[in-house]
Amino acid sequence: MTSIDNDYLLDILQEKLGADLYHSEITYGILSIEINRHKNIELLTFLRDHKELQMSFMTDLCGAHFPDHKNKELVVIYHLHSLVNNIRLRIKCFMPETEQVIDSAVEVFPAANWMERETFDFFGIKFKGHPNLIRILNMENMTYHPLRKEYPLEDASREDKKDKFFGR
Amino acid sequence: MSNIANIFDNNKVANSGETSKESISGEFTTLNLGPTHPATHGIFQNVLKMDGERIHSAEQTVGYIHRAFEKLAEHRPYTQITPITDRLNYCSSPINNIGWHLTVEKLLQVEIPKRVDYMRIIVMELARIADHIICNSVIGVDTGAMTGFLYIFQQREKIYDMYEELCGARLTTNVGRIGGFERDFSPAFHTKLQAFIKDFPAALTEFTNLLERNRIFMDRVIGAGPISGERALAYGFTGPNLRAAGVDYDVRVMNPYCSYNDFDFTIPIGTQGDTYDRFMVRQQEMWESLKLIKNAYENLPTGDYHADLPDFYLPAKDEVYNNMEALIYHFKIVMGETKIPAGEVYNSVEGGNGELGYYLISDGGRTPYRLHFRRPCFIYYQAYPEMIKGSLLSDAILTMSSMNVIAGELDA
């Protein structure tokens, strides 16, 4: 078992991505990188098939919404794990709200299928090339993406709850 | 949730496709398994396309008990998120609770006393046993073997009694606090735990004798719903389901938390990834969990049952009434006005059915900016159609119960 640490991993990523690697930091032991979102599939495939790294396990895929970050409002976050080397990596792909599209990772990791549907459901991020990009947890006739920050906790489409009855 | 009408429309198109030679009528039958089918143990819908007795394809609908936990969590102070986690995998709530506490503790980077670690191991392993008891005995029920279920459930009841002694609740435990436990193990808990350690081996042996080498049971479950190690990894399997397919990934060993590395225990693995292997892995894990409980209990260090964490851990009541500083902390915690560092944490624990991860983005505010739960069964349940393709309907039921899919966790 070779020991691969975060610095070594970062070297490999720098060599691979060059200028497409926008930012990197180590938070609580996990290397976290920000990349050009058009390179996501290329990078995921590279990491999965890399002889030494073998990041063959997609732990998690989720989205987040930062309305205050200009042109970087939405983000898709991948967590990869190399079971052989026991090292984790977090990849962030930011995108502007005006162009919320990213390539789907289903071809690379089948596990991404539902996680991408969930991210689409809650954030409205479209995954290009996804075989069945429909809502998964919410009703299909819902007109908004509830985890985005502009939507309040209570169901925005409810009409039976008048604000004046709740002192608002 | 996908639109059911669409599924039936799609079916018309598929009806024109090829059916096998065995098929009598020469066309597929659509069978709605669920949402409230007694054998699915929860609200799951599967629209099965049947070719005679065999399953041609399945389309799952999930989300029936979606309760928007991630959105709720963005509006609650950290201490109030613990009850949300109860309702994920409600068969092993303490693991979820403690997993969340560990995540916050990682963000705050606090030193946790050894005693708390060991107490947590005891509680989490009890929860794992309770989780596995439910799953394995229900596999028995689904094959028609009710006896094992009735016998072993007495032990689960004893575990729930211990939860009750520890925190007052049985199912949705909300056990522990950020920094440790709300109270030490009570004398009654000690008595019950000692009795459990003494009695459980006999009960588990009895259950083992009823099923493990039972020819009828083995014939029924061997080869049902298999998955290879490669496919399981690709689908993001974790926990007993992944280990049954032969991949020895266990968070407790790979990234030890709570001083799990102080103990010696083995990770049972299977070879074929079928229902029998999943059953056997859980059986062996119960023995390992019992070993862990025994070891942790015998070596339980003395000391405090919580960390020195005044910003999060509620002070004792008599302190609050007599000490100004304690009153201020009490007020700040209850009002959710404690300072939190900004940062991003991913922390995972080995839950009852896999790697339960918490991805927390904190912006320093009173609530998480974003909290994502990595729910193991949400991720591995997507492999279900692939696992049951071509099998009989009755095998599909077994496959589902052996996968330990918990509706609360699936739908968050």
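# Chains A and B at a glance

Put chain B and chain A together and about 3,900 Å² gets buried between them, with 60% of that on carbon and sulfur atoms. This is a predicted model, so keep in mind that side-chain atom pairs count only at pLDDT 80 or more. Below is a quick tour of the contact, then chain A, then two spots in chain B.

**Where the chains meet**

- The contact draws 45 residues from chain B and 46 residues from chain A.
- Five salt bridges are counted between chain B and chain A.
- For one salt bridge to look up, try A:Arg88 and B:Glu355, whose side chains meet at 3.2 Å, N to O.
- There are also 20 residue pairs in polar contact between the two chains, both residues at pLDDT 80 or more.
- On the side of chain B that touches chain A, the elements giving two or more residues are the helices α2 (69-73), α4 (93-108), α9 (229-234), α15 (376-380) and α18 (407-411), plus the strands β4 (343-350), β5 (355-362) and β6 (370-374).
- Of the elements on that side, β4(B) gives the most, with four residues.

**Chain A on its own**

- Chain A has three helices and seven strands, and reading along the sequence you meet them as α-β-β-α-β-β-β-β-α-β.
- Its C-alpha trace spans about 65 × 30 × 25 Å along the principal axes.
- Chain A has 168 residues, and 54% of them count as buried.
- Take the contacts in chain A between residues at least 6 apart in sequence: 50% of them join residues at least 24 apart.
- About 7,900 Å² of chain A is exposed, and carbon and sulfur atoms supply 49% of that.

**A buried threonine in chain B**

- B:Thr82 sits in helix α3 (residues 82-86) of chain B.
- With a relative accessible area of 3%, B:Thr82 counts as buried, because the cut-off for that is under 20%.
- The side chain of B:Thr82 reaches the backbone oxygen of B:Thr79 at 3.3 Å.
- Setting aside neighbours within four places in sequence, B:Thr82 is in contact with B:Asn97, B:Trp100, B:His101 and B:Asn174.

**A nonpolar patch on chain B**

- B:Met146, B:Leu150, B:Tyr151 and B:Leu210 make up a nonpolar patch on the surface, and together they have about 360 Å² of accessible area.
- Helix α6 (residues 146-167) of chain B supplies the largest share of the patch, three residues.
- B:Leu210 belongs to helix α7 (residues 187-211) of chain B.
- B:Leu210 has a relative accessible area of 31%, so it is partly exposed.

Technical notes:
Residues numbered from 1 in each chain as written. Chains lettered and ligands numbered in written order. Predicted model: local features only at pLDDT ≥ 70, side-chain atom pairs only at ≥ 80, totals over all residues. Heavy atoms only, no water. Buried < 20%, exposed > 50% of the residue type's maximum accessible area, 1.4 Å probe, protein only. Polar contact = N/O pair within 3.5 Å; in protein donor to acceptor, adjacent residues only side chain to side chain. Contact = heavy atoms within 4.5 Å. Patch = residues over 30% accessible without salt bridge, like charges linked within 9 Å, V, L, I, M, F, W, Y side chains within 5 Å. Areas by Shrake-Rupley, 256 points an atom, 1.4 Å probe, with all protein chains shown as cover. Salt bridge = Lys/Arg side-chain N within 4 Å of Asp/Glu carboxyl O. Buried area = accessible area lost by both parts, 1.4 Å probe.
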